[in-house]
Structures are given as C-alpha cells and as structure tokens.
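Colleague: Let us go through this model together. I will ask, and you reason each answer out.

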Amino acid sequence: MFGSKQSMRIAVYIESIVTIALYLAGILEPFLLCRPFNYTWNKEAHGTCGNATKAYLAIAVANLIVDLSIYLLPIPVLWNLQMNLVKRLALCGIFAIGLV
C-alpha cells in the first residue's frame with residue numbers, strides 16, 4: 001500500500017490531523033450543543049439544545065473509525081517485513097491489543 005517513506009509520512013500526517021480534529025470536536029461538542037450556553041445547566045432560561053444522543057453517538061463512531069485507521073496504518077509495512085507468516089500475524093496481534 002505504501003510504496004515509499006514519503007507516502008507513509010503523508011498518511012501519518014493526515015491521520016494526526018484527523019485525530020486532532022476529532023479531539024477538538026469532542027471537547028467543543030458539549031459547549032456548542034445548547035444555545036445560549038447557559039441553557040446547558042439552566043433550563044429556566046430561554047434556549048434550545050441539539051440532540052445530545054446523536055451528537056455523542058457521532059463522536060463515538062468517528063472515534064471508533066479513527067482508532068481502527070490508526071491500527072491499520074502500519075499493517076502494510078508489517079506485511080512487507082521479511083518474517084514468516086506466524087511472526088507477522090503475532091506482530092499484528094500485538095498491535096491489536098492496543099484496540100482494547
């Protein structure tokens with residue numbers, strides 16, 4: 001999949017940017033869910049809130065996708081190593097422990 005170090009470096013940069021964007025979205029989401037902001041804790045004020053369940057579910061699904069893509073990023077490099085199949089599978093399994 002990655003023919004050169006340059007393409008791997010670009011993939012890592014893209015993954016880093018997506019991860020940082022997801023982190024920022026997760027931080028900002030609770031603050032941007034209700035308008036005005038004080039309606040978040042003061043329901044007597046006039047305002048509206050978005051659907052918190054859908055918002056949190058969207059962040060959770062995006063987080064799952066990013067986690068899987070981080071796991072899959074080094075797999076093509078691992079498969080190109082000069083090792084027997086059992087060792088490559090074991091190495092992929094060790095990386096998979098990080099998903100837990």
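Modeller: Buried means under 20% relative accessible area, exposed means over 50%, and partly exposed lies in between. One point before we start: this is a predicted model.

Colleague: Is Cys 92 buried or exposed?

Modeller: The cut-off for buried is under 20% relative accessible area. Cys 92 has a relative accessible area of 8%, so Cys 92 is buried.

Colleague: Which cysteines does the disulfide join?

Modeller: The structure holds one disulfide. A disulfide is a covalent bond between the sulfur atoms of two cysteines. Here the S to S distance is 1.7 Å, and the two partners are Cys 34 and Cys 49.

Colleague: How many residues apart in sequence are the parts that this pair ties together?

Modeller: Cys 34 lies in strand β1, residues 34–35. Cys 49 lies in strand β2, residues 48–49. The pair therefore ties together parts whose separation in sequence is 15 residues.

Colleague: What is the handedness of the disulfide of Cys 34 and Cys 49?

Modeller: Look at the torsion about the S-S bond of Cys 34 and Cys 49. It is about 100°, so the disulfide is right-handed.

Colleague: Which class of accessibility does Cys 34 fall in, and which does Cys 49?

Modeller: Cys 34 has 6% relative accessibility, so it counts as buried. Cys 49 has 34% relative accessibility, so it counts as partly exposed.

Colleague: Where is Arg 35, and how far is its C-alpha atom from that of Cys 49?

Modeller: Arg 35 is in strand β1. At 55% relative accessibility, Arg 35 counts as exposed. Along the chain, Arg 35 and Cys 49 are 14 residues apart. Their C-alpha atoms are separated by 6.3 Å.

Colleague: What is omega for the peptide bond from Arg 35 to Pro 36?

Modeller: Pro 36 sits in the loop between β1 and β2. The peptide bond leading to Pro 36 from Arg 35 is cis, with omega near -15°.

Colleague: Which residues form the aromatic cluster?

Modeller: The structure holds two aromatic pairs. In one, the rings of Phe 31 and Phe 37 have centres 5.7 Å apart and planes at 40°, so that pair is tilted. In the other, the rings of Phe 37 and Trp 41 have centres 5.1 Å apart and planes at 80°, so that pair is edge-to-face. One cluster results, formed by Phe 31, Phe 37 and Trp 41.

Colleague: What are the relative accessibility values for Phe 31, Phe 37 and Trp 41?

Modeller: Trp 41 is exposed, with a relative accessible area of 60%. Phe 31 counts as partly exposed, at 45%. Phe 37 also counts as partly exposed, at 38%.

Colleague: Which residue lies over the face of Tyr 39?

Modeller: The distance to the ring centre of Tyr 39 is 4.6 Å. The residue over that face is Lys 43.

Colleague: Which side chain of opposite charge is nearest to Glu 29?

Modeller: Glu 29 lies in helix α1, residues 5–32. Glu 29 is buried yet has no salt bridge. The nearest side chain of opposite charge is 12 Å away, and it belongs to Lys 54.

Colleague: Which backbone nitrogen lies 3.3 Å from a polar atom of the side chain of Glu 29?

Modeller: A polar contact needs a pair of N or O atoms within 3.5 Å. The backbone nitrogen lying 3.3 Å from a polar atom of the Glu 29 side chain is that of Tyr 56.

Methods: Residues are numbered from 1 along each chain as its sequence is written. This is a predicted model: local features need pLDDT of at least 70, side-chain atom pairs count only at pLDDT 80 or more; totals for chains, interfaces and linings use all residues. Side-chain values use heavy atoms; hydrogens and water are left out. Rings of Phe, Tyr and Trp (its six-membered ring) pair if their centres lie within 6.5 Å; planes under 30 degrees apart count as stacked, over 60 as edge-to-face and the rest as tilted. Buried means under 20% relative accessible area, exposed over 50%, partly exposed in between (1.4 Å probe, protein chains only). A charge sits over a ring if NZ of Lys or CZ of Arg is within 6 Å of the ring centre and within 35 degrees of the ring normal. A disulfide is a pair of cysteine sulfur atoms within 2.5 Å. Helices (H or I, at least four residues) and strands (E, at least two) are DSSP runs, numbered from the N terminus. Lys and Arg count as positive and Asp and Glu as negative; His and the chain ends are not counted. A salt bridge is a side-chain nitrogen of Lys or Arg within 4 Å of a carboxyl oxygen of Asp or Glu. A polar contact is a pair of N or O atoms within 3.5 Å; within protein, one must be able to donate a hydrogen and the other to accept it, and residues adjacent in sequence count only if both atoms are side-chain atoms.
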